[in-house]
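Here are my notes on the model, as numbered points. Please read them with the structure open.

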Amino acid sequence: MPASGLLRPIADAVREDPGDQRTLADWASELGVSTRTVTRAFSAETGTSFVRWVAAVRAQHAIGLLTRGWDVESVAEQVGYRSASAFETTFATIARTG
C-alpha cells in the first residue's frame, strides 16, 4: 500500500472507488508532477506498476463482492471494467501471475 504523500491520494481514491478511471497521466497532472515521477514512486513503494497495482486493488474488491453473491456483470461494472469478459480476462491474468 503506497504511503508517501505523493501516492497517498491515489491509493485512497482507488481503494474508495476501485472503478475510478483516472489514468497515470491524469493523476500526474492532478498532482502537478510528471508521469515518470509517479511511475518511479509506484515502483519504489509497491514493487509494481501503477496499472498492476490498480488491477490488484480492483481484484481484491471484486473478490469481496463476488463472495457476497454479486453477479460477475455487476462486479465488473463496479470495479471499472467495460464488460464482464474484460474483467474476467484481467482477473484470470492476475490469478496466474499473483
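Which residue follows α4, and what is the sign of its phi?

1. The residue is G69. Its phi is positive, near 95°, and it comes after α4. Keep in mind throughout that this is a predicted model.

2. Confidence first. The chain has a mean pLDDT of 90. Residues at 70 or more make up 96% of the chain. Among the elements, α2 has the highest mean pLDDT, 97. The lowest, 77, belongs to helix α6, residues 84-97.

3. Helix α4 has the length it should have. It covers residues 50-67, which is 18 residues. At 1.5 Å a residue the expected span is 26 Å, and the end C-alpha atoms are 26 Å apart, so the two values agree. The buried residues of α4 are F50, W53, V54, A55, V57, R58, A59, A62, G64 and L65. Note that R58 is on that list.

4. The largest nonpolar core has 14 residues. Those with the most contacts inside this core are L7, I10, V14, V38, F42, F50 and W53. Four helices each give two or more residues to this core: α1, α2, α3 and α4. Another core lies apart from it. That second core has eight residues, among them A55, V75, A76 and V79.

5. I10 is a good place to inspect the larger core. Beyond its sequence neighbours up to four places away, I10 touches W27, L31, V38, F42 and F50. Of these partners, V38, F42 and F50 are also listed among the residues with the most contacts inside the core.

6. The segment before α1 deserves a look. P2 sits in this segment. P2 has a relative accessible area of 0%, so it is buried. Leaving aside neighbours within four places, P2 is in contact with L7, R8, A11, F42, E45, T46 and W53. The C-alpha atoms of P2 and V79 are separated by 19 Å, with their positions 77 residues apart along the chain.

7. L6 belongs to the segment before α1 as well. L6 is partly exposed, because its relative accessible area is 24%. Its contacts beyond four places in sequence are L31, V33, T37 and A41. L6 and V38 are 32 residues apart in sequence, yet their C-alpha atoms are 7.9 Å apart.

8. D20 lies in the loop between α1 (8-16) and α2 (24-31). Is D20 buried or exposed? D20 is buried, because its relative accessible area is 12% and the cut-off for buried is under 20%. Not counting residues up to four places away, D20 touches A13, W27 and R58. R58 is one of the buried residues of α4.

9. The largest pocket has a volume of about 200 Å³. Its lining consists of D20, Q21, R22, T23, L24, F50, V51, V54, A55, R58, Y81 and T90. Which element gives the most to this lining? The answer is α4, with five residues. D20 and R58 both line the pocket, and they also touch each other. T90 is part of the lining too. T90 falls within residues 84-97, the range of α6, the element with the lowest mean pLDDT. Please read that side of the lining with the α6 value of 77 in view.

10. E16 is in helix α1. With 73% relative accessibility, E16 counts as exposed, because exposed means over 50%. E16 and H61 are 45 residues apart along the chain, and their C-alpha atoms are separated by 9.8 Å.

11. T35 is in helix α3. T35 is partly exposed, because its relative accessible area is 37%. Leaving aside neighbours within four places in sequence, T35 is in contact with L24, A25 and A28. L24 is also one of the pocket-lining residues. T35 and V72 are 37 residues apart in sequence, and 33 Å separates their C-alpha atoms.

Methods:
Residues numbered from 1 in each chain as written. Predicted model: local features only at pLDDT ≥ 70, side-chain atom pairs only at ≥ 80, totals over all residues. Heavy atoms only, no water. Expected span 1.5 Å × (residues − 1). Buried < 20%, exposed > 50% of the residue type's maximum accessible area, 1.4 Å probe, protein only. Contact = heavy atoms within 4.5 Å. pLDDT = per-residue confidence, 0-100. Core = buried A, V, L, I, M, F, W, Y, C linked by side-chain atoms within 4.5 Å. 1 Å grid on protein atoms, 1.4 Å probe; cavity = no way out; pocket = protein on both sides within 12 Å on 5 of 7 lines; lining within 4 Å. Points joined across faces, edges and corners; volume = space filled by probe spheres on them.
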